[in-house]
Amino acid sequence: MVKWWQRFADFLHTANLIPLVVLVSSYHYFQALRSHDPVLVAVPIALFVDLLQYRTVYRAVRSGEGAWKITAVFTTLMAFALQWIFYNQPGEGETLLWWQVILFASIVPVGLAIMAWHHQQQEQEQVTDWQQLVAAAQQRAEQMQQEAAAEQARAVQMQQEAEAERQRAEEMQARAEEVQARAAEMQSRLAEAQREAAAAHERAEQMQREAETERERAAAMQAQLTEVQAQADEMQSRLDQVQSEATQMQLTLDEKQAVNRAWQTLNPEMQTLALFNAQMLTAQAAAEKLGIHATTVRRRARQLNGAGGQS
């Protein structure tokens, strides 16, 4: 029921009754003209007058030009005159009063003019609505285009940032591998130095054992050669000399061990600078190893020598 009621309301709001009014008024014009024109002439003239009046008024309202307005007034007066003739005729033995004739005669011409104005306004409102819809759609399209451009710009920026992060990661990976290679090389050198120190320590122990053996031999010879004092003294002198050499070698070994422990406490840069000061490395080799310039190597080596002299 609500649906049918809504349809009826839409019909009252937008229904075009012009064809029905034209048919009715054509009958009026035909009745006014038939006393002078035959039927085949009166009917086309009646339709022509109706359509001419409606389309002229519609054109005048739509264009707003003065010539069309004057023409619309003329065609409306012409239609009104035909309506006047129709309603001025007696009907069922009665004649209408003058104001009744004016009222009835003005219904169709004035009504058609008003309906033409209504239709023009309705079309204009529809055009305005469509223009507003098109403008809103264009605005939404421009907004979406701007948002898409902004999203594309953000995507390009994020892609550039990702590429930069990837390059930095690759660079850091390369540096880490280089540092790891240097650390492995230093570890290898340290292991070699430790092996050399162990070998020196082992040789020192062997010499100590040999010295002990010599002392034992000297003691035996001292017991056996008591009678030969001169030879014993000579052997004692030799034994003292050997013991002195052993003691010297022990001191040398202790110094090497102390140097080895001090060497292990130094960082790679200090070790490289120490090797350069000891003329075991050239300035260029030390610079390539530390990744700095040769002038910086010489300056830091001098600073290291100065710090060593103060300590």
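**A walk through an all-helix model**

Okay, let's start with burial: of the 311 residues in this protein, 20% are buried. Keep in mind that what we're looking at is a predicted model. Its average pLDDT is 76, and 71% of the residues score at least 70.

So what's in it? The protein has nine helices and zero strands. If you read along the sequence, you just get α-α-α-α-α-α-α-α-α. Confidence varies between those elements: helix α1, residues 2–14, has the lowest mean pLDDT at 60, while helix α8, residues 283–290, has the highest at 85. As for how the chain meets itself, take the contacts with a separation of 6 or more: 57% of them are between residues 24 or more positions apart.

Let's stay with α8 for a moment. Which of its residues are buried? Those of α8 are A283, A286, A287, K289 and L290. They sit on the same side of α8, because they cover an arc of only 165 degrees around the axis. If you're wondering about the spacing, remember that an α-helix has 3.6 residues a turn, so residues three or four places apart point the same way. Right after α8 comes G291, with a positive phi of about 75 degrees.

Now step back to helix α7, residues 268–277. Here the buried residues are Q271, T272, L273, L275 and F276. After α7 you reach Q279, and its phi is positive too, near 60 degrees.

L275 also brings us to the largest pocket, since we'll meet that residue again there. How much space lies in this pocket? About 620 Å³. The elements giving two or more residues to its lining are α5 (98–224), α6 (229–265) and α7. The largest share, nine residues, comes from α5. In total 25 residues line the pocket, and R189, A193, N260, W263 and L275 lie nearest its centre. By type, the lining divides into 14 nonpolar, six polar and five charged residues.

One last stop, over in helix α3, residues 39–63, where you'll find T56. Is T56 buried or exposed? T56 has a relative accessible area of 4%, so it counts as buried, the cut-off being under 20%. And what is T56 in contact with, leaving aside its neighbours within four places in sequence? The partners are W68, T71, A72 and T75.

That's the tour, so have a look at the structure and find these spots yourselves.

Conventions. Residues numbered from 1 in each chain as written. Predicted model: local features only at pLDDT ≥ 70, side-chain atom pairs only at ≥ 80, totals over all residues. Heavy atoms only, no water. pLDDT = per-residue confidence, 0-100. Helix = DSSP H or I, 4+ residues; strand = E, 2+ residues; numbered from the N terminus. Buried < 20%, exposed > 50% of the residue type's maximum accessible area, 1.4 Å probe, protein only. Arc of directions from axis to C-beta. 1 Å grid on protein atoms, 1.4 Å probe; cavity = no way out; pocket = protein on both sides within 12 Å on 5 of 7 lines; lining within 4 Å. Points joined across faces, edges and corners; volume = space filled by probe spheres on them. Nonpolar A, V, L, I, M, F, W, Y, C, P; charged D, E, K, R; others polar. Contact = heavy atoms within 4.5 Å.
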